[in-house]
Amino acid sequence: MCPCILHVAYACPFQSLKVLRTSEFLPYVVFLQSPDFEVLKAMNHSAVEAGVVTKALTDEELQRTCDESAKIKAAFGHFFDLTIINENLDETYRTVKAALETVSKNPQWVPVTWVF
């Protein structure tokens, strides 16, 4: 298996998941879900203070992120093999890394149509 990270955003609509979910690609789809508004706001504030980002997002921008995340999960959640609520960047990284290691080492369930 060759790991590949695909950042699916508005430039690459989620409908592309339907195209990629085939035996040719054998995707393992991880969705990084937005945390609750207050957690996201605190994370943004910490990132600004640490100099990681230069602009604090407005409450409206942060709420839009939370709302869009919920809409994406509701509409496309059946395509996700793993959903991680991104409340802590270090923990999220560790979880994604562990999932990649697990998928690389252990057999995974796939639809029967992908086998034959």
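Biologist: Let me start with helix α2, residues 37-49: how far does it reach from its first C-alpha to its last?

Modeller: The reach is 18 Å for these 13 residues, close to the 18 Å expected at 1.5 Å a residue. Please keep in mind throughout that this is a predicted model.

Biologist: Thank you. Which residues of α2 are buried?

Modeller: The general idea is to look at relative accessible area, where under 20% counts as buried and over 50% as exposed. In α2, the buried ones are Phe 37, Leu 40, Asn 44 and Ala 47. Looking down the axis of α2, these buried residues fall within an arc of 90°, so they line one face of the helix. Turn to the other side of α2 and you find Glu 38 and Glu 49, which are exposed.

Biologist: What covers the buried residues of α2?

Modeller: The cover includes helix α3, residues 59-76. You can follow this from either helix. From α2, take Asn 44, whose relative accessible area of 12% makes it buried. Beyond its neighbours within four places in sequence, Asn 44 is in contact with Val 53, Lys 55, Ala 56, Leu 57 and Leu 62.

Biologist: Where is Leu 62 found?

Modeller: Leu 62 is found in helix α3, and it is buried, with a relative accessible area of 1%. Leaving aside its neighbours within four places, Leu 62 touches Phe 37, Leu 40, Lys 41, Asn 44 and Leu 57. Phe 37, Leu 40 and Asn 44 also appear in the list of buried residues of α2. As a distance to try on the screen, the C-alpha atoms of Leu 62 and Ser 34 are separated by 9.5 Å, with their places 28 residues apart along the chain.

Biologist: Ser 69 sits in helix α3 too. Is it buried or exposed?

Modeller: Ser 69 is buried, at a relative accessible area of 7%. With neighbours within four places set aside, its contacts are Phe 31, Gln 33 and Ser 34.

Biologist: Back at the end of α2, what phi does Gly 51 take?

Modeller: Gly 51, just after α2, has a positive phi of about 80°.

Biologist: Now the core. How many residues does the largest nonpolar core have?

Modeller: Here is the general idea: in soluble globular proteins, nonpolar side chains tend to be buried together. In this structure, the largest nonpolar core holds seven residues: Leu 17, Val 29, Phe 31, Ile 72, Phe 76, Phe 79 and Phe 80.

Biologist: Let me pick Val 29. Where does it lie?

Modeller: Val 29 lies in the loop between α1 (16-20) and β1. Its relative accessibility is 14%, so it counts as buried. Apart from neighbours within four places in sequence, it is in contact with Leu 17, Arg 21, Phe 79, Phe 80, Asp 81 and Leu 82. Among these, Phe 80 makes a nice example: Val 29 and Phe 80 are 51 residues apart in sequence, and their C-alpha atoms are 4.9 Å apart in space.

Biologist: For the whole chain, what share of contacts between residues at least 6 apart join residues at least 24 apart?

Modeller: That share is 67%.

Biologist: Let me use what I learned on helix α4, residues 89-105. What should its 17 residues span?

Modeller: At 1.5 Å a residue they should span 24 Å, and the end C-alpha atoms are 24 Å apart, which agrees. The buried residues of α4 are Thr 92, Ala 99 and Val 103. These cover an arc of only 30° around the axis, which puts them on the same side of α4. Asp 90, Tyr 93 and Lys 105 are exposed on the other side. Strands β1 (30-33) and β2 (82-85) are included in what covers the buried residues. At the start of α4, look for a side-chain oxygen of Asn 88, which reaches to within 3.0 Å of the backbone nitrogen of Asp 90.

Biologist: To finish, what pattern does the chain follow along the sequence?

Modeller: The pattern reads α-β-α-α-β-α-α, with five helices and two strands. Of the 116 residues, 22% are buried. The chain exposes about 8600 Å², and carbon and sulfur atoms supply 60% of that area.

Notes. Residues numbered from 1 in each chain as written. Predicted model: local features only at pLDDT ≥ 70, side-chain atom pairs only at ≥ 80, totals over all residues. Heavy atoms only, no water. Core = buried A, V, L, I, M, F, W, Y, C linked by side-chain atoms within 4.5 Å. Buried < 20%, exposed > 50% of the residue type's maximum accessible area, 1.4 Å probe, protein only. Contact = heavy atoms within 4.5 Å. Helix = DSSP H or I, 4+ residues; strand = E, 2+ residues; numbered from the N terminus. Expected span 1.5 Å × (residues − 1). Arc of directions from axis to C-beta. Polar contact = N/O pair within 3.5 Å; in protein donor to acceptor, adjacent residues only side chain to side chain. Areas by Shrake-Rupley, 256 points an atom, 1.4 Å probe, with all protein chains shown as cover.
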